[in-house]
Each structure stands twice: as structure tokens, then as C-alpha cells.
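Hi,

Here is the structure I promised to pass on. Have a look at it first, then read my notes below.

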Amino acid sequence: MATGAAIHAVPCSAGRPKRRQQRRGSASLSVRASTDANTVTLLDYGAGNVRSVRNAIRHLGFDIRDVRSPEDILAADRLVFPGVGAFGSAMDVLNSTGMADALREYIRRDRPFLGICLGLQLLFDSSEEHGPVSGLGVIPGVVRRFDSSQGLIVPHIGWNALEVTKDTQLLQGADGHHVYFVHSYHALPSDANRDWISSICNYGGSFISSISMGNIQAVQFHPEKSGATGLSILKNFLSPNSSGAKVPARRKASKLAKRVIACLDVRSNDNGDLVVTKGDQYDVRDNTSSKEVRNLGKPVDLASQYYIDGADEVSFLNITGFRDFPLGDLPMLEVLRCASEKVFVPLTVGGGIRDFKDANGRYYSSLEVASEYFRSGADKISIGSDAVFAAEAFLQTGVKTGKSSLEQISKVYGNQAVVVSIDPRRVYVKSPDDVPFKTVKVSSKGPSGEEYAWYQCTVSGGRDSRPIGAYELAKAVEELGAGEILLNCIDCDGQGCGFDIDLVKMVSDAVTIPVIASSGAGAVEHFSEVFEKTNASAALAAGIFHRKEVPILAVKEHLIDAGVEVRV
Ligand code: 1PR
């Protein structure tokens, strides 16, 4: 994959296995000794971002040795395999480099192995993803897509509770704990693979959330993004004889938890410092005569604090990215790098993801911009303005060109890694027939007694209105490959009067991908209201967290009291 800008990181601060299936397809490859107990070998075949895994391993005090050849796999003392990308392309790389055979042999020898996400799925016989495609064939079973036909939201993104079914050191103390998943395909339990399963999870039915057999372990979730529980699981693998961080037992949870997200709008102030700011209806300059950009803190400090406080996710929005060139914005990339070393829940970054030509006439594709964000530590990227233009073009022609930023990035990184951020403004109308856009009957009438409204999308941080509604945009971007929608509302932004329930309900009922409700949170009750009245999967807030008016923990405690499942 072309990468464009070369930007360098700046430092910031059980028993024997039953070997039924393991022997299939092994090859004889030579072994090189490797002895360093503090070093873990990482199989990164270059298909995507594994920076988060690296950061978590380093955070736990281990060094990383990268696999460069099949022999490196066989020489490993301890191998972590964080599969990324699509099943088929991963298998192509593994087969063509000889690593597939080395992996089968390593597993046959029962050497310590931890597969993560796709690294679990690839162990199975085959996958339906763009297939059928054959896998490593270690575990019997077919990896299938979650079925969204009955309204199940796919991808499965977020925190779900583990039901541990086998006593393993890896999952010690993790029973009933929420861990972070992001995937559209899953392996199902069956009689043939029952002996392998160490935990299951419930999402539209039971699926395999981890396997364990002897020294071979794999997890469908992301331990590197699962907060303290995930770090403890990773530590159990890296130093199996240490007691590991003790994670207290929790009550059993049974479904996907609703997420609480902290959002940091970031931009340079007039002194050129990158600050977290916060607008009122997107106006981030204060009301004094100096009209300075409001400064609510330092991005990395706040992000780290929100992680500690229990945010399920942290989002950075580079709010002037639409007019600046993000790859020229080194401080923003550095913020991401530093935050990803301290924040072990998902990080999303948005702003300025589009094709760009710099002053020297050099062209950068949106994919290159996104790739740099991923390399710098983002787990998901968020596209605003460019997604509006792509949706407008798609609705006009009905043709998916495959050329939009949204299509290109989701094709390479998977749609679960691509969020579309919508910035709509409410437009009241007397009758739904007045506009060619989807309207809602509003809960509070407009200034002239209007009973209906549509939500007009904007670009460039609310500066320009476009001829497309939030409903139409959401459905179009879902088709173009968005994996999630961040649904802001300019009218509610910074007002503290609650989320726009009419808008969130309309959009979350219209799509089968997760919707994050954003803008307007002012009290804990606003969170329970949005989850009770709409299909939102997550709720995001900024101002109340930055101004320390409402702690994240208070939001979670209120949601638990209200009967809403959350990760604590
Ligand atoms: O168009 O791809 O460059 O992306 C720009 C991104 O920057 C978009 O995601 C857009 O939403 C965001 N953005 C642009 N201008 C502003 C602004 O505020 N002037 N911020 C802006 C959007 C909205 C929320 C906010 C919530 C919660 N911020 O993310 O955090 O409304 O706030 P609250 O809890 O205080 O009410 P592109």
C-alpha cells in the first residue's frame, strides 16, 4: 500500500493439548533458538494497524521481535498474531510467504500462541468472508457473517461480556467482564470444536469469543483495547507464571453494553498550540471581545484521564482538518501517537480525511491520510465532509464508483474501522411534502408552530449546508461501506439540553450499523433517555466531561440504575 508521507514517531513520554486437528498440513521448517524471556514475537503481515497491540505489549514491559520469515515463527518463544484485514487477503499473504505452514507447525508443536480477532478466525477451516476461503484448518468450523436480516446491528462493535466455559490461566478472573469486540464475522460453537472453546459471548446468539487448547490460545475480542481486563488477559499470556493483575469478578452481563464516549474537538488556538476546544453550536470562540478559541485542556492529558475515568472510547476530531492538511499537522499525529500509548480503549480520529494536493503539487489520497492516522494509533477513522460529497454523488447516479474515500478506506481496513460523522442542522417545515427529504414529527414545535423537521447535512464544520438530509446520508454511507455513524446535531451542540431524540431515533431506526448519539448531553438522565427511546449503540459527550460537570462514572452508575447494560 502506498503511504505517501514518511513521518516518524516521536517518543512520548493447562495441560497438554489434544492434538486432533493440529497436525493437519504441517511442514518441516528449521528452528532457530530464541531465549529472551522478555521478548515476544509479533506476526504483523502488514495488512493494517497493529500499533495498539504493540503499545499494549510494551506498556506491560515486553519487547517485540517482528516476524520477518517463516523461520522466525518457529523460533519464537511466545507468538502473538493480531490478524487484521479480510480473511482471504490474510490467507493469501500467509500462504504466499510460507507463514501459513510455519504457523501450522508452530501450533502442532504446542508452542505458546495468542491469536487476536482475525488471528482467531484464521485458525478455523474456512470463512464465508468474500468466500468460502480456506483457513489454517486447525479448528473445525466455518466463520460466518452475523445475520443482520432480523435487525441485528452489524458490525458487532463494542463491549460484550465473556462467559468463560473453560478454566484457563489466560481468562483468569475475566468471567462476566466486558471486553471490546469489533467484527462482522464470527465462529460458532459446534460439537466438532467444543473441546477448543474457552469462552462464549452472546450477540444474536452464542459465538466463540475465545479458544484454548494447551498453549494455543486465541480471542475474538481485542485485549489491547479492553481496558484493565484486556491488559490483564494479555499479561496472563505474556508472563503466564506471574499472578497478573487481579480483576475482580463481576456480575454476569448478557448483551452488548451501551458505550459512553468522550469526544475531544481539537484545533490550534491563535498562539498555534493544539488544544481541546468546545463549541456552542459549533462556534468555538468565546464571547469576550478577544474572541479566543476556548481552551479546555491538553489533548493527551484529557484523553488519558477519560480512559482512567472509564470512557469506553475516546474520539479526537481535528475540527479544522477540512481546511488544513492533516499530514502536515504533525502535532495532531503526535497527539495520537502519545494517546495510543496510554489509552487502552478504542481511539477514533477524524478531520480532513480527503484527497489532497500540497503546495508543491504533490497528491495525497484520502487512503494515505487515513493510513497515517491508523499508523499513528487510531483504531477507527471518522470522515465528515468527504462522506457527504460521496453520498450526494452516489444518490445522484446510483453507482458505487469505489473511488470515494469512504469506499477505499473501508475496502482496505474493513468497514468496522470507518465512522461517518454527520453534522446536521434542524430545518422546520409545515408538512413532510414541503421537502424531498425524510422528515420527522418533532417533539417540540418550530418557531412558527411547525410540526415537522428535516435535518440538513453540512460540511466544513457546519459552515456550508448541502442538499441532503441526515436520513438519506446515513443510508447512503451505510451502502458505501461506513461501519458506524457519529450523529451530531448542530442545534444541540454544547447546549446541555439533551440529545436530539427525534433525530437519533430516525437515523438509528434507518440503518443496521451502530449509531453514536452526539451533541447536547447535560446530565446523566440524558444518557438513559437516548438509550431508552432510540436504537443508539453509544452516546458521546464533550462539554460536560471537559468542564468536570458530570463524571463518566456517574453516567455509568445512572445507566446501571436505569437498567442499561454498561461496562464498569
Ligand atoms: O469534515 O472530515 O474534516 O471532519 C471534521 C470533523 O470535525 C467532523 O467530525 C465534525 O463533526 C467536526 N467539527 C467540525 N467543526 C466542529 C466545530 O465544533 N466547530 N466539531 C466540529 C464537532 C461535535 C461533537 C461534539 C458534540 C458533543 N463537534 O463531536 O463533541 O456535539 O458536544 P457536547 O457534549 O458538548 O454537546 P471533516
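Which side chain has an N or O atom 2.7 Å from an oxygen atom of the ligand? One is that of Ser 421. Asp 423 does this too, with a side-chain N or O atom 2.6 Å from a ligand oxygen, and for Ser 519 the value is 2.7 Å. These are polar contacts (pairs of N or O atoms within 3.5 Å). On its own the ligand exposes 760 Å², and the protein buries 98% of that (Shrake-Rupley areas, 1.4 Å probe).

A word on the source: this is a predicted model, where local features need pLDDT of at least 70 and side-chain atom pairs need 80 or more, while totals for chains, interfaces and linings use all residues. Residues are numbered from 1 along each chain as its sequence is written, and side-chain values use heavy atoms, without hydrogens or water.

So where does the ligand sit? It is in the second largest pocket (more than half of its atoms lie within 2 Å of the pocket's grid points). A pocket here is an open set of points on a 1 Å grid where a 1.4 Å probe fits, with protein on both sides within 12 Å along at least five of seven lines; lining residues have an atom within 4 Å of a point. This pocket holds about 790 Å³ of space and is lined by 47 residues, with Asp 423 among those nearest its centre.

Around the ligand there are 24 residues (a heavy atom within 4 Å): 8 nonpolar, 12 polar and 4 charged.

Cheers

Notes
Grid points are joined across faces, edges and corners, and a volume is the space filled by probe spheres set on the points. A polar contact is a pair of N or O atoms within 3.5 Å; within protein, one must be able to donate a hydrogen and the other to accept it, and residues adjacent in sequence count only if both atoms are side-chain atoms. Ala, Val, Leu, Ile, Met, Phe, Trp, Tyr, Cys and Pro count as nonpolar, Asp, Glu, Lys and Arg as charged, and the others, Gly among them, as polar.
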